[in-house]
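Student: I would like a close look at one part of this model, namely how its helices pack. Please go through the packing in one connected account.

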Amino acid sequence: VAVGEPAAEDETPAYRSIKSPDEFQTRFTPDYLKDADNMWDAMTAAVAKHGDRPCQGVRPVDAEGNAGDYEFNTFNDFWTDVKDFAAGLAVVGVEPGSFVGMHLKTGPKWVLTEFALWGQNCCPVTMYDTYGEAALKYVMNHSDMNTCVTAASTLEKILALASDVPNCKRFIVLGGVPEGVSADGIELLNWADVLERGRAARAEN
């Protein structure tokens, strides 16, 4: 709904959600999320309510580029993977409070990675995979990140900047580290291995 009058003739008025027309919305609106203060709390409540229902859907694409039917995980599946990956981050040395880069295309694993970082009290630093070298170097240095999650397809591009981003010494690679790719003084880890190491650590506890 419109709030007040436009500041100038060639401008539109400000708009607020119809669910909160008179004040800024500071809480999640569904009743079951009324006690949630952040996204972690909200997803915890969502998992409790929707556990076995579909959460994320992906259409697998075959070698010829044909998309198949949607395949879904459940809220429970998603949340288990989030907690396993969060534990894996701790196992490989990502400390709470760290700024961690996310140089990935958006998708189910992107969401999972972000929630896992929140679960470890880390700050995700998102970077579009379309960023050029100057933008990547600026964001990586400005955030002082020491770890970056990237994809196999973009690993070499971002590793080429390693000498200019001296604090980032660990890369977690979705899709696995391509054969023959390495860099002096840089730790390269497979995303799936981090997940499995976290799963094993949680099982022991």
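**Helix 2 and its neighbours**

Tutor: In this predicted model, the contact of helix 2 with helix 3 is made by Phe78, Trp79, Asp81, Val82, Phe85, Ala86 and Leu89 on the helix 2 side and by Val111, Leu112, Thr113, Phe115, Ala116 and Leu117 on the helix 3 side. By class, these residues are eleven nonpolar, one polar and one charged. Helix 2 covers residues 75-91 and helix 3 covers residues 108-119. Two packed helices are described by the angle between their axes and the distance between the axes. For helix 2 and helix 3, the axes come within 8 Å and cross at roughly 55°. Helix 2 and helix 3 are therefore oblique to each other. The crossing of this pair is right-handed.

Helix 2 also packs against helix 6, which spans residues 191-204. Here the axes come within 6 Å, and the crossing angle is roughly 95°. That angle makes helix 2 roughly perpendicular to helix 6. From helix 2, the contact involves Thr80, Asp81, Lys83, Asp84, Phe85, Ala87, Gly88, Leu89 and Val91. From helix 6, it involves Trp191, Val194, Leu195, Arg197, Gly198, Arg199, Ala201 and Arg202. The contact of helix 2 with helix 6 counts eight nonpolar, three polar and six charged residues. Asp81, Phe85 and Leu89 are among the helix 2 residues that meet helix 3, and Asp81, Phe85 and Leu89 are also among those that meet helix 6.

One residue of helix 2 can be taken separately, asparagine 76. With a relative accessibility of 31%, asparagine 76 is classed as partly exposed. Leaving aside residues up to four places away in sequence, asparagine 76 touches Val47, Gly51 and Asp52. The C-alpha atom of asparagine 76 is 8.3 Å from that of arginine 53, and the two residues are 23 apart along the chain.

Helix 3 has a further partner in helix 1, residues 39-50. The axes of helix 1 and helix 3 are 10 Å apart, and the two pack at an angle of about 115°. Helix 1 and helix 3 are therefore roughly perpendicular to each other. Their crossing is left-handed. On helix 1 the contact residues are Met39, Trp40 and Met43, and on helix 3 they are Phe115, Trp118 and Gly119. By class, this contact of helix 1 with helix 3 has five nonpolar residues, one polar and no charged. Phe115 of helix 3 takes part in the contact with helix 1, and Phe115 also appears among the residues that meet helix 2.

After helix 3, the chain enters a loop that leads to strand 6 (123-126), and asparagine 121 is found in that loop. Most residues other than glycine have a negative phi. Asparagine 121 is not a glycine, yet its phi is positive, at about 60°. Asparagine 121 is exposed, with a relative accessible area of 57%. Aspartate 144 likewise has a positive phi of about 60° without being a glycine. Aspartate 144 sits in the loop between helix 4 (133-143) and strand 7 (147-151). At 48% relative accessible area, aspartate 144 is partly exposed.

Helix 5, residues 155-159, contains lysine 157. The relative accessible area of lysine 157 is 33%, and lysine 157 is therefore partly exposed. Its contacts, not counting residues up to four places away in sequence, are Asp129, Thr130, Tyr131 and Leu136. The C-alpha atoms of lysine 157 and glycine 132 are separated by 9.5 Å, with the two residues 25 apart along the chain.

For the setting of these pairs, the chain has six helices and nine strands. Its C-alpha trace spans about 60 × 45 × 40 Å along the principal axes. The chain has 205 residues, of which 37% count as buried. Contacts between residues at least 6 apart in sequence include 49% that join residues at least 24 apart. The accessible surface of the chain is about 12,300 Å², and 49% of this surface belongs to carbon and sulfur atoms.

Definitions and conventions:
Residues are numbered from 1 along each chain as its sequence is written. This is a predicted model: local features need pLDDT of at least 70, side-chain atom pairs count only at pLDDT 80 or more; totals for chains, interfaces and linings use all residues. Side-chain values use heavy atoms; hydrogens and water are left out. Axes are lines fitted to C-alpha atoms, for helices over the stretch in contact, and angles run from 0 to 180 degrees between N-to-C directions. Helices (H or I, at least four residues) and strands (E, at least two) are DSSP runs, numbered from the N terminus. Angles under 35 degrees count as roughly parallel, over 145 as roughly antiparallel, 65 to 115 as roughly perpendicular and the rest as oblique. A crossing is left-handed if the near helix is turned anticlockwise from the far one by less than a right angle, and right-handed if clockwise. Contact means heavy atoms within 4.5 Å. Ala, Val, Leu, Ile, Met, Phe, Trp, Tyr, Cys and Pro count as nonpolar, Asp, Glu, Lys and Arg as charged, and the others, Gly among them, as polar. Buried means under 20% relative accessible area, exposed over 50%, partly exposed in between (1.4 Å probe, protein chains only). Accessible areas come from the Shrake-Rupley method with a 1.4 Å probe; for residues, only the protein chains shown count as cover.
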